[in-house]
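Here are some exercises to work through with the model open in your viewer. Try each task before you read its solution.

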Amino acid sequence: MAVASGSRHGLRYTAESETGVTPAPASMVALRHTSSSLILSKESIVSDERRPDRQIADMRMVGNKVGGDIGFEFSYGEFDTLLEALFMGTWDNDVLTAGVQMRSFSIERAFTDIGQYQVFTGCHISKMTLTMNPNAIVTGTFSVVGKGSAMLSAPLDASPILSQTNPPLDAISGALKEGGSVVGYVTGIEMTFDNGIDPKYVLGSPDGEVFIAKKSNVSGKVSALFTGPEMMAKFLNETPSSLEVSLGSGSKSYDLLLPLIKYSGSDNPVNDDDAIILDMPFQAILDPVSGTNIQLTRIP
């Protein structure tokens, strides 16, 4: 009997025009990924009935919910459609900013070695995390919230559109600007873009019927070699700043800009004899000039 292995796992997706309804015929797009934890979970409810024998009278499964993460290495062009859904915006002259348009997808996990295909419908990109470290590929996760799922013995699309072949990007080929100035002592950046999307349930259906997005919440942490009080002063004095990261350089790269941020801490603990690292968590807020809290520019 064949056993499913991660080495032959595939992911495909297609945009939905109606949330929870896979287009027919489905034109699927293969998605590069490093991991996937997409599952369908059910909420359980247990009877509170009192019995002389102390037994639980019944347990029921209710409230279907698709959830999980898709891990990835950031590369040019591969995730542009999912980034639109995350930002809830639309690419305009290769610039993407935060908006209000919700999009959903049908996502298929392909277990090709055992010929099984699990389809998740009504999938929204609720959150993305990015991690940028020296001498490393930029990695991240998309957190998905969806509606329903089904197992199939055949793929939705026997010939999905192939993934991009552009190499993964790193944060050392480009430049890093803090407060508009190039800096060279940052040792890491963690960034989270969270829409807080949740399903809302109604009587008569186990699936979430409506999905609600909360505020566009972009936050993270800058880690830097501790060289003096300048960065700490921005936290102590509540001085607004900005953060700009070039992912790659030249063509087929991105420029990620948080035009207005405020730092919410400055920690510089000593744990060993090594260099002292200053960790500064930040919150991105609305920039009145650009009208957004985040801007992603792609360089074709």
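A nonpolar core is a set of buried Ala, Val, Leu, Ile, Met, Phe, Trp, Tyr and Cys residues joined through side-chain atoms within 4.5 Å. Keep in mind that you're looking at a predicted model.

**Exercise 1: the core**

Task: Find which residues touch the most other members of the largest nonpolar core, and which element gives the largest share of this core.

Solution. Start with the core itself: the largest one holds 54 residues. Phe-74, Leu-83, Ile-107, Phe-142, Met-191, Leu-243 and Leu-258 are the ones that touch the most other members. Next, look at who contributes: β8 supplies the largest share, six residues. Now zoom in on Phe-74. Leaving out residues up to four places away in sequence, Phe-74 touches Phe-79, Leu-83, Leu-130, Val-138, Pro-168, Leu-169, Leu-247 and Tyr-254. As background, nonpolar side chains tend to be buried together in soluble globular proteins.

**Exercise 2: the rings**

Task: Work out how many aromatic pairs there are, and which rings are linked into a cluster.

Solution. The count comes to nine aromatic pairs. Take Phe-72 and Phe-79: their ring centres sit 4.8 Å apart with 45 degrees between the planes, a tilted pair. Tilted is the right label because planes under 30 degrees apart count as stacked and over 60 as edge-to-face, with the rest called tilted. Phe-72 has a relative accessible area of 2%, so it counts as buried, and Phe-79 is buried at 2% as well.

Move on to Phe-87 and Phe-193, another tilted pair, at 5.0 Å centre to centre and 40 degrees between the planes. Phe-87 belongs to helix α1 and Phe-193 to strand β13 (residues 186–194), so this pair ties together parts that are 106 residues apart in sequence. Phe-87 is buried at 2% relative accessible area, and Phe-193 is buried at 3%. Finally, follow the ring pairs: they link Phe-72, Phe-74, Tyr-76, Phe-79, Phe-142 and Tyr-254 into a cluster.

**Exercise 3: strand β7**

Task: Decide whether the faces of β7 are covered or open, then name the strands that pair with β7.

Solution. Step one is burial: eight of the eight residues in β7 (residues 104–111) are buried. Step two is to split the strand by side. One face carries Ser-104, Ser-106, Glu-108 and Ala-110, the other Phe-105, Ile-107, Arg-109 and Phe-111, and both faces are covered.

Step three is pairing. Strand β1 (residues 9–16) runs antiparallel to β7, with eight bridges joining them; here Glu-16 stands opposite Ser-104. Strand β8 (residues 116–132) also pairs with β7 in the antiparallel sense, over six bridges, and Val-119 in β8 is the bridge partner of Glu-108. To finish, check the turn: β7 and β8 make a hairpin with four residues between them, and Gly-115 in that turn has a positive phi of about 65 degrees.

**Exercise 4: salt bridges**

Task: Compare three salt bridges by asking whether the partners are buried, partly exposed or exposed.

Solution. The whole structure has nine salt bridges. Begin with Asp-48 and Arg-50, whose side chains meet at 2.8 Å, N to O. Asp-48 is exposed at 57% relative accessibility, and Arg-50 is exposed at 67%.

Next comes Asp-80 with Arg-298, where the closest N and O atoms are 2.7 Å apart. This pair links distant parts of the chain, with Asp-80 in helix α1 (residues 80–87) and Arg-298 in strand β20 (residues 295–299), 218 residues apart. Both Asp-80 and Arg-298 are buried.

Third, Glu-238 and Lys-262 meet at 3.5 Å, N to O. Glu-238 sits in the loop between α2 (230–236) and β17, while Lys-262 is in strand β18 (residues 253–263), 24 residues away. Glu-238 is exposed at 53%, whereas Lys-262 is partly exposed at 29%. One last thing to trace: salt bridges that share partners join Lys-65, Asp-198 and Lys-214 into one network.

**Exercise 5: a loop residue**

Task: Say whether Leu-31 is buried or exposed, and list its contacts beyond four places in sequence.

Solution. Locate Leu-31 in the loop between β2 (29–30) and β3 (35–36). Its relative accessible area is 7%, so Leu-31 is buried. Leu-31 is in contact with Leu-11, Tyr-13, Ile-70, Glu-78, Phe-79, Leu-82 and Ser-163, setting aside neighbours within four places in sequence.

Conventions: Residues are numbered from 1 along each chain as its sequence is written. This is a predicted model: local features need pLDDT of at least 70, side-chain atom pairs count only at pLDDT 80 or more; totals for chains, interfaces and linings use all residues. Side-chain values use heavy atoms; hydrogens and water are left out. Helices (H or I, at least four residues) and strands (E, at least two) are DSSP runs, numbered from the N terminus. Buried means under 20% relative accessible area, exposed over 50%, partly exposed in between (1.4 Å probe, protein chains only). Contact means heavy atoms within 4.5 Å. Two strands pair if DSSP finds at least two bridges between them. A salt bridge is a side-chain nitrogen of Lys or Arg within 4 Å of a carboxyl oxygen of Asp or Glu. Rings of Phe, Tyr and Trp (its six-membered ring) pair if their centres lie within 6.5 Å; planes under 30 degrees apart count as stacked, over 60 as edge-to-face and the rest as tilted.
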